[in-house]
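The following exercises concern one molecular structure, shown below. Each task is followed by a solution that proceeds step by step.

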Amino acid sequence: MDDAWAGPTVGQVGELAVLDRIVRRLPAGAPVVGPGDDCAVVAAPDGRFVVTTDMMVHGPDFRWAWSTPADVGWKAAATNLSDVAAMGATPSGLVIALAAPQDTPVAVLESFADGVRAAVDALAPGCGVVGGDLSTSATFTVSVTAFGDLGGRAPVLRSGARAGDVLAVSGELGRAARGLARLFRDGVDAHGEPSRSAVVASGADADPDVDRQRRPVPPIADGVHAAAAGATAMLDLSDGLAIDGGRLARASRVTLDLDPGPRLDEVALHGGEDHGLLAAFPPDVALPGGFRRIGTVVGSGSADLVRGGEPVPTTGWDPYADWDGAGG
């Protein structure tokens, strides 16, 4: 059992004390005005900023039996930082809202904050948590809003890919999905319910793919590298290469033609939550950072995504279709 689940609860301590104990653990960044007023004030050096928001809900997005509060904090930060990077921006601030059941130990929220700090320090140094909110709910829910600085560059949209562009990815493909598959296989009890003891007993707790499922490592810096190199289109691979590639193809009104070969197996194509970056580059551009070629952009066709002339189903994670209603 994680130590965070011991000690006084949020209902016993109260909002002000909980907030004080969380804020002191979070990365401050360098806002003009930080937490404490009704709004933070964040600089927008070139007069523009990017903004995104994402939710994580116990059940469809994480299971306490499989993740520590610090894991959830890391993932909540990383998934939003990745969206900022996908626009070619540098993360500059996070606003985090938490709703927790009354019997949640305060240490759980402190551990969550430690996970946020660890993710920001590792992935986007200089970014900070500039505000947020606390509430209560029967279901633990996290909502993060992230801001980013474009640094004078134009944002990289999903809609700019052109025929002849090179299609490339940065980051990992399929590891988080393999980790999740192992958790569903080995991290359950005799009744099929998520079980912390089963995760430990099966060795899944030490599986690097399971670690990537719980703590993705998106290539945040490569978003700016891609923008500086002239990327024509880009997006975060949150739900899987195939489904997210289909989104880019439809936005740009093109077809993505994947290179043949074994590197893109079914898990790499359809598994989500790695939070890599998919981008299109002009053919004469040297791929920056960790980007590697996986295909080309061709004129619009009968399918969004093809390989070897055959359509690739643009399927991946869909919370409305794929969540079974379970918690754990």
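## Exercise 1: Salt bridges

The side chains of D209 and R178 form a salt bridge, with an N to O distance of 3.4 Å. A salt bridge here is a side-chain nitrogen of Lys or Arg within 4 Å of a carboxyl oxygen of Asp or Glu. The model is predicted: local features require pLDDT of at least 70, side-chain atom pairs count only at pLDDT 80 or more, and totals for chains, interfaces and linings use all residues. Residues are numbered from 1 along each chain as its sequence is written, and side-chain values use heavy atoms, with hydrogens and water left out.

Task: Determine which parts of the chain the pair D209 and R178 ties together, and place the pair in its network.

Solution.

Step 1. D209 belongs to helix α7 (residues 208-214) and R178 to helix α5 (residues 175-186), so the bridge ties together parts that are 31 residues apart in sequence. Helices (H or I, at least four residues) and strands (E, at least two) are DSSP runs, numbered from the N terminus.

Step 2. D209 counts as buried at 16% relative accessibility, whereas R178 is partly exposed at 35%. Buried means under 20% relative accessible area, exposed over 50%, and partly exposed in between (1.4 Å probe, protein chains only).

Step 3. A network of salt bridges links E172, R175, R178, D209, D211 and R212. The count of salt bridges comes to 18.

## Exercise 2: Two further bridges

Task: State how many residues separate R247 and D244, and how many separate D259 and R293.

Solution.

Step 1. R247 and D244 meet through their side chains in a salt bridge of 2.4 Å, N to O. Both lie in helix α9 (residues 241-252), and because they are 3 residues apart, about one helical turn separates them.

Step 2. D244 is buried, at 1% relative accessibility, while R247 is partly exposed, at 27%.

Step 3. The salt bridge between the side chains of D259 and R293 has an N to O distance of 2.9 Å. D259 sits in the loop between β7 (255-258) and α10 (266-270) and R293 in strand β9 (residues 292-298), so this pair ties together parts that are 34 residues apart in sequence. R293 is partly exposed, at 37% relative accessibility.

## Exercise 3: The buried face of α8

Task: Identify the buried residues of α8, and explain why they line one face of the helix.

Solution.

Step 1. In helix α8 (residues 220-229), the buried residues are I220, D222, G223, A226 and A227.

Step 2. Viewed down the axis of α8, these buried residues fall within an arc of 155 degrees, so they line one face of the helix. The arc is that of the directions from the helix axis to the C-beta atoms.

Step 3. Among the elements covering the buried residues of α8 are α3 (69-86), β2 (90-100), α4 (106-123) and β5 (166-170). Just after α8, G230 adopts a positive phi of about 100 degrees.

## Exercise 4: Strand pairing and the nonpolar core

Task: Establish how β2 pairs with β4 and with β3, then find which element gives the most residues to the largest nonpolar core.

Solution.

Step 1. β2 and β4 run antiparallel and are joined by 9 bridges; P91 stands opposite G148 in β4. Two strands pair if DSSP finds at least two bridges between them.

Step 2. β2 and β3 run parallel, with 7 bridges joining them. The bridge partner of A97 in β3 is D133. From β2 the chain crosses through α4 to β3, and this β-α-β crossover is right-handed (with the strands pointing away from the viewer, the path from the first strand over the helix to the second runs clockwise).

Step 3. The largest nonpolar core has 41 residues, of which L94, L98, L109, F140 and V142 touch the most other members. A nonpolar core is a set of buried Ala, Val, Leu, Ile, Met, Phe, Trp, Tyr and Cys residues joined through side-chain atoms within 4.5 Å. α4 gives the most to this core, with 9 residues.

Step 4. Leaving aside neighbours within four places in sequence, L94 is in contact (heavy atoms within 4.5 Å) with residues including A77, L81, V120 and V144. A second, separate core of 23 residues includes V169, A242, I294 and L305.
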